[in-house]
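Let's take a walk through this structure together, one part at a time. Keep the 3D view open as you read.

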Amino acid sequence: MIRTRFAPSPTGFLHIGGARTALFSWAFARHHQGQFVLRIEDTDVARSTPAAVQAILDGMEWLGLAHDEGPFYQMQRMDRYKEVIRQMLADGHAYYCYTTPEELDAMREEQRAKGLKPRYDGTWRPEPGKTLPTPPAGVLPVIRFKNPTDGVVAWDDLVKGRIEIANAEMDDLIIARQDGTPTYNFCVVVDDWDMKITHVIRGDDHVNNTPRQINILKALGADVPLYAHLSMILGDDGQKLSKRHGAVSVMQYHEDGYLPEAVLNYLARLGWSHGDDEVFSMEQFCAWFDLDHITPSAAQFNTEKLNWLNAHYLKLADNARLAALVKPRLETRRVVVTETPSLEAIIGLYKERVTNLNELADAAEVFYIELTPNAELLAQHLAPEAKPALADFIAGIKDVAWEAPAIGALIKQCIGTHGLKMPKLAMPLRVLLTGQAQTPSVDAVVALFPREQVLKRLAAAV
RNA sequence: GUCCCCAUCGUCUAGAGGCCUAGGACACAACCCUUUCACGGUUGGUACCGGGGUUCGAAUCCCCGUGGGGACGCCA
């Protein structure tokens with residue numbers, strides 16, 4: 001049974017990189033009929049917040065990335081971690097260290113100055129035949145993992161290939177703080193072990209943690225899972241995403257009018273490919289997804305392509321569904337959506353030409369508000385010679401069949417009698433009815449309104 | 001500084017030694033469609049980081065260089 005997990009720390013929203021990691025973990029489990037576990041890594045009490053937990057849950061839900069187990073919270077598993085630490089102490093895989101944070105800082109500074117990799121010097125590490133210093137009074141110890149000193153730790157990364165790191169590169173990491181709470185690298189190990197995770201799919205900022213975790217796993221006698229390290233996603237400008245620069249919540253995409261299927265499809269293709277396939281459903285994605293076609297290099301986010309996908313999914317989306325998504329956006333703008341004109345009909349006409357739901361709301365808005373004619377646009381598009389044709393049109397409206405083809409025929413008839421070209425009448429109609437010079441086919445736009453409303457809006461011109 | 005990772009069009013990528021005078025998609029340009037603007041359709045330009053090997057043959061394998069990124073926390 002394949003089991004994957006997504007393990008965010010609740011110190012902020014679910015950003016695009018996290019979302020892709022979650023997507024890939026989820027899809028991998030789905031592909032293999034396995035299970036996808038959600039685990040909240042909240043051991044950093046100072047930075048973790050319930051609001052962030054909720055934000056992550058909201059993001060996952062919006063994207064439709066449902067977990068099969070969890071969410072598990074690390075803070076609720078303290079007893080288990082402490083039990084494992086006791087065992088490691090008893091087995092000699094861990095030891096107390098009385099070096100203070102200040103001493104560590106000084107040590108690191110000195111090493112850096114010498115051009116060395118900063119690391120703990122092993123003062124309190126027990127060795128056969130070694131006499132340990134006497135614990136200083138008043139210093140609370142931390143607990144360190146006794147990392148092997150020789151040999152290499154190696155694993156076949158499912159994305160990057162074989163990676164080997166010498167044990168000599170690693171120091172004895174702290175697995176429990178002075179206050180006794182366990183640290184990240186240790187909790188992850190215990191959790192992945194207890195939760196029987198078979199494939200750890202995560203960001204490649206964890207590559208350097210992997211050998212440490214493998215060593216702990218081995219000390220515990222646990223099976224080592226398979227690892228797949230995903231490279232990072234860069235911003236639109238090629239720069240690293242950070243809180244300060246460019247990183248936004250996936251819910252911001254919701255705000256900005258993107259459809260979840262567009263975001264998902266976009267993310268799926270960012271760092272993964274299936275030949276030339278660009279547009280596909282999540283069902284198709286799960287059927288295709290594997291770890292063999294993940295790019296090991298970093299990928300730059302491209303909003304243009306996301307926009308294109310979003311426009312594509314908008315065209316495909318059901319009008320009623322879109323109406324339900326657009327309506328709240330109009331209500332936020334205090335636009336009262338009435339029965340007529342029909343929001344669904346408006347959306348049906350405009351969804352072909354917009355990029356996001358907010359643009360759809362922009363288009364729909366003018367149908368429901370009191371429209372004051374844009375004098376400038378009107379002057380530009382309503383030529384004096386067109387006025388008689390417009391008058392004919394207004395007169396003709398009263399008994400034309402209220403459907404686009406008949407209205408279109410009426411327009412043609414009006415321009416015909418006055419020897420005008422189509423735009424001469426179509427353009428002022430657009431401006432008068434919608435306040436805009438760019439609209440869908442004008443007869444279809446006219447047909448969206450109730451007859452009286454058209455009369456009312458056109459009256460402004462005469 | 002030390003260790004680790006990465007490197008094909010502007011961007012996302014295909015490519016697992018001959019199928020590659022390098023394919024697709026976004027973006028861009030031109031044209032077509034047209035009732036404006038879009039949509040859509042057609043066409044076009046642009047890339048294997050550099051240098052050495054290995055091989056009959058390399059975008060693909062190896063080495064070096066260069067460039068970029070990550071890690072080095074009692075954060076996760």
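One term first: a residue counts as buried when its relative accessible area is under 20%, as exposed when that area is over 50%, and as partly exposed in between. Keep in mind, too, that this is a predicted model.

Now find helix 11, which covers residues 319-332. Along this helix, L322, A323, V326, R329 and L330 are buried. What do these buried residues pack against? Their partners are helix 7 (250-255), helix 10, helix 12 (343-350) and helix 13 (357-368). You can also check the length of helix 11 yourself: at 1.5 Å a residue, its 14 residues should span 20 Å, and the end C-alpha atoms are indeed 20 Å apart, so the two values agree. Have a look at both ends as well. At the start of helix 11, a side-chain oxygen of D318 comes within 3.1 Å of the backbone nitrogen of A320. Just after the helix, R334 has a positive phi of about 65°.

Let's zoom out to the domains. The domain assignment splits out three of them in chain A: domain 1 (80-176), domain 2 (317-365) and domain 3 (375-459). Between domain 2 and domain 3, the centres, taken over C-alpha atoms, are 23 Å apart. Their contact is made up of seven residues from domain 2 and 10 residues from domain 3.

Next comes the RNA. How many residues surround RNA strand B? There are 62, and the closest are D44, G115, R177, R353 and T439. Sorted by class, this surface has 20 nonpolar, 19 polar and 23 charged residues. Which part of the RNA do they meet? Of the strand B atoms within 4 Å of the protein, 66% belong to sugar or phosphate, and the rest belong to bases.

Some individual spots are worth clicking on. A polar backbone atom of Y184 is 3.0 Å from a phosphate oxygen of RNA strand B. Base oxygens take part as well: one is 3.5 Å from a polar backbone atom of P440, and a polar side-chain atom of D443 lies 2.9 Å from a base oxygen. Among the elements that give two or more residues to this surface are helix 4 (101-113), strand 7 (161-166), helix 5 (184-194) and helix 18 (442-448).

Finally, let's visit three single residues. D171 sits in the loop between strand 7 and strand 8 (174-176). Is D171 buried or exposed? Its relative accessible area is 15%, so D171 is buried. The side chain of D171 reaches the backbone nitrogen of Y120 at 2.8 Å and makes a polar contact with the side chain of R212 at 3.2 Å. Leaving aside neighbours within four places in sequence, D171 is in contact with R119, Y120, N147 and R212.

H381 belongs to helix 14 (residues 375-381). At 19% relative accessibility, H381 is buried too, because the cut-off is under 20%. Beyond its neighbours within four places in sequence, H381 is in contact with K424, M427, P428, V431 and A437.

Last is M75, in the loop between strand 3 (69-73) and helix 3 (78-91). With a relative accessibility of 34%, M75 counts as partly exposed. M75 and T43 are 32 residues apart along the chain, yet 5.9 Å separates their C-alpha atoms. Not counting residues up to four places away in sequence, M75 touches D42, T43 and V45.

Conventions. Residues numbered from 1 in each chain as written. Chains lettered and ligands numbered in written order. Predicted model: local features only at pLDDT ≥ 70, side-chain atom pairs only at ≥ 80, totals over all residues. Heavy atoms only, no water. Near = heavy atom within 4 Å. Polar contact = N/O pair within 3.5 Å; in protein donor to acceptor, adjacent residues only side chain to side chain. Helix = DSSP H or I, 4+ residues; strand = E, 2+ residues; numbered from the N terminus. Nonpolar A, V, L, I, M, F, W, Y, C, P; charged D, E, K, R; others polar. Expected span 1.5 Å × (residues − 1). Buried < 20%, exposed > 50% of the residue type's maximum accessible area, 1.4 Å probe, protein only. Contact = heavy atoms within 4.5 Å. Domains from an automatic or database assignment.
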